[in-house]
Amino acid sequence: GGGANRSDARDEHSPDKRALTLLQAFASGEASLSSVFEHQAQDMPKWGGGRFTSFYLSGLNLQLENIALANVAWCATSDNSYPSAMLKRCFDRHTGSLIRALAPSIVLLSGSGTHRFARHVADLVPAAKIICMFHYAHRESIESEEAELGRVRQLVSDAREVVTQQQVAADG
C-alpha cells in the first residue's frame with residue numbers, strides 16, 4: 001500500500017520514505033538488499049497498527065526468517081485502490097516471476113482480492129499447497145479470526161509434514 005493511512009505518513013523521515021530511499025539505493029547498487037530487509041523487519045511491527053505481525057507471525061506461528069512476503073500489486077496507488085486489470089498486470093509482470101523463482105512449498109493468499117490468483121499460482125508451482133485465507137485487516141469477528149488462524153495453522157502444519165516426508169523419501 002501507499003502508507004497514506006499511517007500516522008507518520010507526512011513525516012519527511014517516515015519509515016515508508018526510508019524504505020523508498022533504500023529501494024532506490026539498492027536498485028542503483030549503492031545499498032545492499034539486507035539493508036532493505038533490515039528496515040522492513042524493524043518497521044513491520046508498526047504495519048497495520050501492529051495487526052500485521054500479530055496476525056501472520058504470532059497468529060500463524062510463522063518465523064519471519066522462513067517466509068517471503070509479496071503483494072500481488074507491487075505498486076501503490078494514491079488511494080490504495082487496486083483495479084482487477086492492474087492486479088492481473090502486476091501479477092503477470094512481477095509477482096508470478098517471484099513465485100516461480102522462489103518455488104515455495106506453501107503459498108498463503110491473504111484477502112479475497114488474492115484468491116482469484118490461486119489457479120495462476122498452482123500453474124507456476126504445481127507442488128505447492130495453496131491456502132486462501134483472511135487478510136490481516138479483515139472485518140470479521142475475533143472468534144472468526146481465531147477459527148481462521150486455527151484452520152490455516154493446521155493446513156500449514158499438514159503441508160510442512162508432507163514436504164518433510166517428500167524430502168526424507170528423496171534423500172532415502
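What share of the contacts in the chain with a separation of 6 or more comes from residues 24 or more positions apart? Keep that question in mind while you turn the model, which is a predicted one, and take the answer with you on the tour: such residues account for 49% of those contacts.

**The whole chain**

Begin with the whole chain selected and drawn as a cartoon, where you can pick out 7 helices and 2 strands. If you follow the chain from its N terminus, the elements come in the order α-α-α-α-β-α-α-β-α. The radius of gyration of the chain is 17 Å, close to the 16 Å that the globule rule gives for 172 residues, so the chain is as compact as a globular protein of that length. Turn the C-alpha trace along its principal axes, and you will find that it spans about 55 × 40 × 30 Å.

Now switch on the surface, which has an accessible area of about 11,200 Å², with 52% of it belonging to carbon and sulfur atoms. Of the 172 residues, 27% count as buried. If you colour the side chains by charge, you should find 17 positive and 19 negative ones, and the centres of these two sets lie 6 Å apart.

**Strand 2 and Ile131**

Next, select residues 129-133, which form strand 2, and find Ile131 within this strand. With a relative accessible area of 1%, Ile131 is buried, because a residue under 20% is counted that way. To see what surrounds Ile131, show its contacts beyond four places in sequence, which are Ile106, Val107, Leu108, Leu109, Arg151, Val152, Leu155 and Val156. Pause at one of these partners, Leu155, which is 24 residues from Ile131 in sequence, while the two C-alpha atoms are 7.7 Å apart in space.

**Helix 7**

Select residues 142-171 now, and look along helix 7 from one end to the other. At 1.5 Å a residue, its 30 residues should span 44 Å, and the end C-alpha atoms are 43 Å apart, which agrees.

Which residues of helix 7 are buried? Colour Glu145, Glu148, Leu149, Val152, Val156 and Ala159, since these are the buried ones in the helix. An α-helix has 3.6 residues a turn, so residues three or four places apart point the same way. If you then bring back the rest of the model, you can see that the cover over the buried residues of helix 7 includes helix 3, strand 1 and strand 2.

Stay in helix 7 and centre the view on Glu145. This residue counts as buried, at 15% relative accessibility. Leaving out residues up to four places away in sequence, Glu145 touches Arg51, Phe55, Phe134 and His138.

**Helix 3 and the loop after it**

Move to residues 51-60, which make up helix 3, and click on Thr53. Thr53 is buried as well, with a relative accessible area of 15%. Apart from neighbours within four places in sequence, Thr53 is in contact with Met44, Pro45 and Ser58.

From helix 3, step into the loop that leads to helix 4, where Asn61 lies. Although Asn61 is not a glycine, its phi is positive, at about 55 degrees.

**From helix 4 to strand 1**

Where is Ala103 found? Look in the loop between helix 4 and strand 1. Ala103 also has a positive phi in a residue other than glycine, with a value near 45 degrees. Its relative accessible area is 49%, and Ala103 is therefore partly exposed, because exposed would need a value over 50%.

**Two last stops**

Go back towards the N terminus and select Ser14, which sits in the segment before helix 1. Is Ser14 buried or exposed? Ser14 is buried, with a relative accessible area of 2%. If you draw a distance from Ser14 to Gly50, which is 36 residues away in sequence, the C-alpha atoms are 16 Å apart.

Finally, select Gly49, in the loop between helix 2 and helix 3. At 74% relative accessibility, Gly49 counts as exposed. Draw one more distance, from Gly49 to Arg89, and you will find their C-alpha atoms separated by 30 Å, with the two positions 40 residues apart along the chain when counted as a separation in sequence.

Note on methods: Residues are numbered from 1 along each chain as its sequence is written. This is a predicted model: local features need pLDDT of at least 70, side-chain atom pairs count only at pLDDT 80 or more; totals for chains, interfaces and linings use all residues. Side-chain values use heavy atoms; hydrogens and water are left out. Helices (H or I, at least four residues) and strands (E, at least two) are DSSP runs, numbered from the N terminus. The radius of gyration is taken over C-alpha atoms; the globule rule is 2.2 Å times the number of residues to the power 0.38. Buried means under 20% relative accessible area, exposed over 50%, partly exposed in between (1.4 Å probe, protein chains only). Contact means heavy atoms within 4.5 Å. Accessible areas come from the Shrake-Rupley method with a 1.4 Å probe; for residues, only the protein chains shown count as cover. Lys and Arg count as positive and Asp and Glu as negative; His and the chain ends are not counted. The place of a charge is taken as NZ of Lys, CZ of Arg, CG of Asp or CD of Glu. The expected span of a helix is 1.5 Å times one less than its number of residues.
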